[in-house]
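The following exercises concern the contact between two protein chains and the charged pairs in the structure. Each task is followed by a solution in steps.

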Number of protein chains: 2
Amino acid sequence: MDRPYVYETDGRAIYQQSFAMIRQEAALARFSAEQEPVAVRMIHAAGWVPLADDIQFSPGVVTAARQALERGAPILCDARMVAEGITRARLPANNPVICTLQDERTRALADAMSNTRSAAALELWRPHLAGAVVAIGNAPTALFHLLNMLQDPSCPRPAAIIGCPVGFVGAAESKAALWADQPVPCLVVTGRLGGSAVTVAALNAVAQRQEI
Amino acid sequence: MDRPYVYETDGRAIYQQSFAMIRQEAALARFSAEQEPVAVRMIHAAGWVPLADDIQFSPGVVTAARQALERGAPILCDARMVAEGITRARLPANNPVICTLQDERTRALADAMSNTRSAAALELWRPHLAGAVVAIGNAPTALFHLLNMLQDPSCPRPAAIIGCPVGFVGAAESKAALWADQPVPCLVVTGRLGGSAVTVAALNAVAQRQEI
């Protein structure tokens with residue numbers, strides 16, 4: 001390479017080339033027209049074409065999440081990195097982005113519940129949960145606790161769950177439970193992969209149809 | 001599984017089990033004693049054992065970065081998700097965490113440079129760059145621009161570069177350039193993988209020896 005290094009410096013061109021590479025390399029045929037751009041953006045965030053095989057959409061989840069956002073639904077995030085990554089300019093209704101992990105009540109709730117702070121934080125979601133879009137990109141315990149909360153018929157229902165916690169203990173299991181239960185429309189990355197960047201990418205893609 | 005779902009709710013146990021699984025599954029033998037815990041935490045963040053094969057440490061980078069942090073060095077981040085993920089409680093000297101991407105001057109700089117905002121933001125790092133720890137987890141253009149800045153012998157030198165931008169256009173190329181140049185000690189994830197979570201994990205592991 002030439003020094004100083006010469007590289008693509010046009011952000012729009014970088015996005016276009018990236019999405020074109022993904023569409024050339026990834027196995028996207030099983031996705032519907034509304035699912036495909038969401039999957040492409042998730043693969044883009046991961047830098048990992050085979051992620052395509054792990055992405056599962058329940059019927060209607062993209063439309064359900066998008067319509068909820070257009071109605072002004074809040075976005076409930078398990079981690080600050082998820083909340084931070086959501087592109088506010090893409091949101092259709094200046095939607096509130098809520099993360100209760102650092103709320104001053106969360107530590108005491110976690111102690112009382114004998115659970116993680118990530119799970120306890122969801123108790124503070126209850127006033128916001130009806131019709132919300134949930135984005136879990138970090139903690140399997142948060143997703144497990146949400147599923148347990150939704151076992152109670154009186155618990156408010158979110159409009160959609162993006163469930164992509166990452167890791168080695170509980171991640172695959174919590175996402176398998178979500179996929180088996182499907183208490184509401186959901187989008188998951190099965191197995192160990194996932195994470196805040198992939199979750200954010202899914203949410204951002206759902207929020208706005210325009211790709212770039 | 002039983003409903004309500006039964007799962008590991010002890011955060012400390014989750015970490016311990018996760019790290020034990022990684023140490024059982026991953027090929028870590030080529031890492032030194034100071035590198036290994038950093039690699040484990042990066043694999044943990046990715047949820048992806050084969051990441052081990054893509055992690056490259058230049059000699060002394062862990063010590064260089066740790067000593068810089070102990071001296072109070074600022075941490076310069078290319079993206080807000082990186083800055084947000086750094087665990088402040090692990091930092092040894094209440095180190096400043098700086099991200100200039102959203103600085104009001106960055107857009108005009110980008111226009112003047114005909115480059116991305118991610119690259120232009122680094123021009124605002126110059127007063128903080130001497131002895132700093134750089135954490136690039138998102139934008140290949142930021143890493144390329146840093147390498148070009150460092151071609152100038154009068155540009156201040158950071159103490160270490162964690163260079164893990166992710167993606168399809170320029171990511172592999174910018175990290176290959178960093179690895180070839182090694183203007184200062186560096187840690188890279190070669191190829192397309194990387195990202196904010198992996199970068200944050202590396203920084204957090206460097207910041208504190210204690211694993212959990």
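**Exercise 1. Charged and polar pairs across the interface**

How many salt bridges does the rule find across the interface of chain B and chain A?

Solution. The model is a predicted one. Step 1: the criterion is a side-chain nitrogen of Lys or Arg within 4 Å of a carboxyl oxygen of Asp or Glu. Step 2: applied across the interface of chain B and chain A, the rule finds 4 salt bridges. Step 3: one example is B:E25 with A:R192, whose closest N and O atoms are 2.7 Å apart. Step 4: polar contacts across this interface link 14 residue pairs, with both residues at pLDDT 80 or more.

Step 5: the helices of chain B that each supply at least two residues of the side touching chain A are α1 (11-25), α2 (36-46), α4 (80-85), α7 (140-150), α8 (171-181) and α9 (196-207). The most comes from α1(B), with 7 residues. Step 6: sorted by class, the side of chain B that touches chain A holds 23 nonpolar, 16 polar and 8 charged residues.

**Exercise 2. Extent of the interface**

Determine the area buried between chain B and chain A, and name the three residues of chain B that supply more of its share than any other three.

Solution. Step 1: contact involves 47 residues of chain B and 47 residues of chain A. Step 2: the area buried between the two chains is about 4000 Å², and carbon and sulfur atoms give 64% of this area. Step 3: B:Y7, B:M81 and B:F168 supply 19% of the area that chain B buries against chain A, more than any other three residues.

**Exercise 3. Relation of the two copies**

By what turn can chain B be laid on chain A?

Solution. Step 1: a turn of 180° with a shift of 0.0 Å along the axis lays chain B on chain A, with an RMSD of 0.0 Å. Step 2: the two copies are therefore related as by a two-fold rotation axis. Step 3: B:M81 is the residue of chain B that comes closest to this axis, its C-alpha lying at 2.6 Å. Step 4: the copies meet through the same surface, because 100% of the interface residues of chain B are also interface residues in chain A.

**Exercise 4. A salt bridge within chain A**

Which parts of chain A does the pair A:R23 and A:E36 tie together?

Solution. Step 1: over all chains, a search of the whole structure finds 14 salt bridges. Step 2: in one of them, the side chains of A:R23 and A:E36 meet at 2.8 Å, N to O. Step 3: A:R23 belongs to helix α1 (residues 11-25) of chain A and A:E36 to helix α2 (residues 36-46) of chain A, so the pair ties together parts that are 13 residues apart in sequence.

Technical notes:
Residues numbered from 1 in each chain as written. Chains lettered and ligands numbered in written order. Predicted model: local features only at pLDDT ≥ 70, side-chain atom pairs only at ≥ 80, totals over all residues. Heavy atoms only, no water. Contact = heavy atoms within 4.5 Å. Buried area = accessible area lost by both parts, 1.4 Å probe. Polar contact = N/O pair within 3.5 Å; in protein donor to acceptor, adjacent residues only side chain to side chain. Helix = DSSP H or I, 4+ residues; strand = E, 2+ residues; numbered from the N terminus. Nonpolar A, V, L, I, M, F, W, Y, C, P; charged D, E, K, R; others polar. Least-squares fit on C-alpha atoms with pLDDT ≥ 70 in both.
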